[in-house]
Amino acid sequence: MKVRVLFFSVLRDITGTDEITLEVPAGTTMGDLLAQIESRWPKLRDWQNSLLLALDQTYVKRDEPLHDGGEVAIMPPVQGG
């Protein structure tokens, strides 16, 4: 199944892109996807304990199962100014 992954803020700088499309097996969770992405961009591991994760514009936890055509957003913590 295919998922679209969006990167925001500093994560966009780390990955060098604002979005990618990945093919993942059925049963993949948000945590599985993160592990795959972190293996591609190891610097993302520095953020792993503070990332905000969303699936189809709804915040989710790492055990959330993904679905074909899902839109995943990976964001750094919200900061005030």
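Hi everyone, let me start with contacts: among those in this protein with a separation of 6 or more, 53% are between residues 24 or more positions apart. Please keep in mind that what we have here is a predicted model.

Now for the overall build. There are 2 helices and 5 strands in the protein, and walking along the sequence you meet them in the pattern β-α-β-α-β-β-β. The radius of gyration is 12 Å, close to the 12 Å given by the globule rule for 81 residues, so the protein is as compact as a globular protein of that length. If you box in the C-alpha atoms along the principal axes, the box is roughly 40 × 25 × 20 Å.

How about the surface? The accessible surface of the protein is about 4900 Å², and carbon and sulfur atoms hold 49% of that. Of the 81 residues, 38% are buried. As for charges, the protein has 8 positive and 12 negative ones, and the mean positions of the two sets lie 5 Å apart.

Let's turn to helix H2, which covers residues 30–40. Which residues of H2 are buried? They are Met30, Leu33, Leu34, Ile37 and Glu38. These residues sit on the same side of H2, because they cover an arc of only 135° around the axis. In general, an α-helix has 3.6 residues a turn, so residues three or four places apart point the same way. And what covers the buried residues of H2? The cover includes four strands: S1 (2–7), S2 (19–23), S3 (52–55) and S5 (70–75).

While we are on this helix, have a look at Arg40, which is also in H2. Leaving aside neighbours within four places in sequence, Arg40 is in contact with Ile20 and Leu22. Val3 is 37 residues from Arg40 along the chain, and their C-alpha atoms are separated by 16 Å.

Next, the loop between S2 and H2, where you will find Gly27. Is Gly27 buried or exposed? Gly27 is exposed, and its relative accessible area is 58%. Once neighbours within four places in sequence are set aside, Gly27 is in contact with Met1 and Asp32. Pro65 is 38 residues away from Gly27 along the chain, yet the C-alpha atoms of the two are separated by 6.3 Å.

On to the loop between S3 and strand S4 (58–59), home of Gln57. This residue is exposed, with a relative accessible area of 71%. Between the C-alpha atoms of Gln57 and Glu71 there are 7.6 Å, and the two are 14 residues apart along the chain.

Asp56 lies in the loop between S3 and S4 as well. At 36% relative accessibility, Asp56 counts as partly exposed. What draws my eye is its backbone: phi of Asp56 is positive, near 55°, and the residue is not a glycine. As background, most residues other than glycine have a negative phi.

Ser9 is another case, with a positive phi of about 55° although it is not a glycine. Where does Ser9 sit? You can find Ser9 in the loop between S1 and helix H1 (10–15). Ser9 is partly exposed, at 47% relative accessibility.

To take one picture home, remember helix H2, with its buried residues on the same side and strands S1, S2, S3 and S5 among what covers them. Thanks for listening!

Conventions. Residues are numbered from 1 along each chain as its sequence is written. This is a predicted model: local features need pLDDT of at least 70, side-chain atom pairs count only at pLDDT 80 or more; totals for chains, interfaces and linings use all residues. Side-chain values use heavy atoms; hydrogens and water are left out. Buried means under 20% relative accessible area, exposed over 50%, partly exposed in between (1.4 Å probe, protein chains only). The arc is that of the directions from the helix axis to the C-beta atoms. Contact means heavy atoms within 4.5 Å. The radius of gyration is taken over C-alpha atoms; the globule rule is 2.2 Å times the number of residues to the power 0.38. Accessible areas come from the Shrake-Rupley method with a 1.4 Å probe; for residues, only the protein chains shown count as cover. Lys and Arg count as positive and Asp and Glu as negative; His and the chain ends are not counted. The place of a charge is taken as NZ of Lys, CZ of Arg, CG of Asp or CD of Glu.
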